[in-house]
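Student: Could we go through this structure together, asking of each term what entitles us to use it?

Tutor: Gladly; let us look at it before we begin.

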Amino acid sequence: MTGPAVRLDGVSVWLGERLALRDVTCEVPAGAFVGLIGPNGSGKSTLLRSVLGILPLAGGSVEVAGRAPSAARDLFAYVPQRSSLELDLPLRAWDIVMMGRIRHNGLFKPAGRVDKEIAGWALERVGLAERRNSSIGEMSFGQQQRVFFARALAQQGSIMLLDEPMNGVDAKTQELFLELLAAFQGEGKTILMATHDLEQAASACDMLCILDQRLVAFGPPSETLTESNLREAYGVHLHLSREDHILEDAHHHETGGQR
Ligand SMILES: Nc1ncnc2c1ncn2[C@@H]1O[C@H](COP(=O)(O)OP(=O)(O)O)[C@@H](O)[C@H]1O
Ligand SMILES: [Mg+2]
């Protein structure tokens, strides 16, 4: 991939009565791990969905590897935002991971040997090889999230978009996801991950995109994670300690609530 993996140029998106993104311009270099941060309602999910090309833009343009998003579907791996609602679907872990192969295999053809191999490999990567026939409804939230992560791996894309994959997930699973993301990036692939965990983003990501409907800042954590940027985005006082640890004011705690 030459040129940026993703380019947003003056992107604005209305959701109903609300301007969810206002005139956002930024470039995600190929091979970068970008953390998307900002309070609830700041447009993180909207940005990811406009990169996927599943939202109409009110203005501006999105390019993915130099193409329109609709012509770049084969490049994406996507972990959508989850609500903590129970998943009452009569689906096995295996079925969900196989959904990641539909694009390659077609909706109505039986899965081929390669698809099955890749799905098996993906489940193994998230430590659930033994659970492939478990129904998703009887798994813990963290295990369910591993299944959705495996589905994204099975998509075999070169640009992974993750919408708050760590929310509500146990520490061990978070660690696993960070390892898998590091390996993914190690293959030269690109990651855009929305997150509420500023500390984790600061250590795992090489760039941050700070949103508050508009773009507050974009760049390496050392340059973007400043008190004034955080105040601008979160509208409250967040302290940065000397060790760059972020201590939140007690009265303002991002709950990781779902939208
Ligand atoms: N279908 C919709 N109609 C109207 N407003 C919406 C819709 N979907 C989301 N919103 C609102 O748009 C804003 C941006 O949402 P979102 O991109 O989900 O923010 P984030 O992911 O950062 O929490 C939020 O205030 C959200 O409530
Ligand atoms: Mg969101």
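Student: What makes Ser45 and Gln81 protein donors of the magnesium ion (ligand 2)?

Tutor: Donors are N, O and S atoms within 2.8 Å of the metal (3.2 Å for Na, K and Ca), and water is not among the atoms, so sites may look incomplete. Ser45 (OG) and Gln81 (OE1) lie 2.0 to 2.3 Å from the magnesium ion, and therefore both count as donors. Serine 45 sits in helix α1 (residues 44-52) and glutamine 81 in the loop between β5 (76-79) and α2 (93-99), so the pair ties together parts 36 residues apart in sequence. Helices (H or I, at least four residues) and strands (E, at least two) are DSSP runs, numbered from the N terminus.

This is a predicted model, in which local features need pLDDT of at least 70 and side-chain atom pairs count only at pLDDT 80 or more, while totals for chains, interfaces and linings use all residues. Residues are numbered from 1 along each chain as its sequence is written, and side-chain values use heavy atoms, with hydrogens and water left out.

Student: Why is a set of 46 residues called a nonpolar core?

Tutor: The name means buried (under 20% relative accessible area, 1.4 Å probe, protein chains only) Ala, Val, Leu, Ile, Met, Phe, Trp, Tyr and Cys residues joined through side-chain atoms within 4.5 Å. In the largest such core, Val126, Phe149 and Met160 touch the most other members, and helix α5 (residues 141-154) gives the most, with seven residues. Another core, of 30 residues, lies apart from it and has Leu21 and Met207 among its members.

Student: How many helices and strands does the protein have?

Tutor: There are nine helices and eleven strands.

Definitions and conventions. Chains lettered and ligands numbered in written order. Buried < 20%, exposed > 50% of the residue type's maximum accessible area, 1.4 Å probe, protein only.
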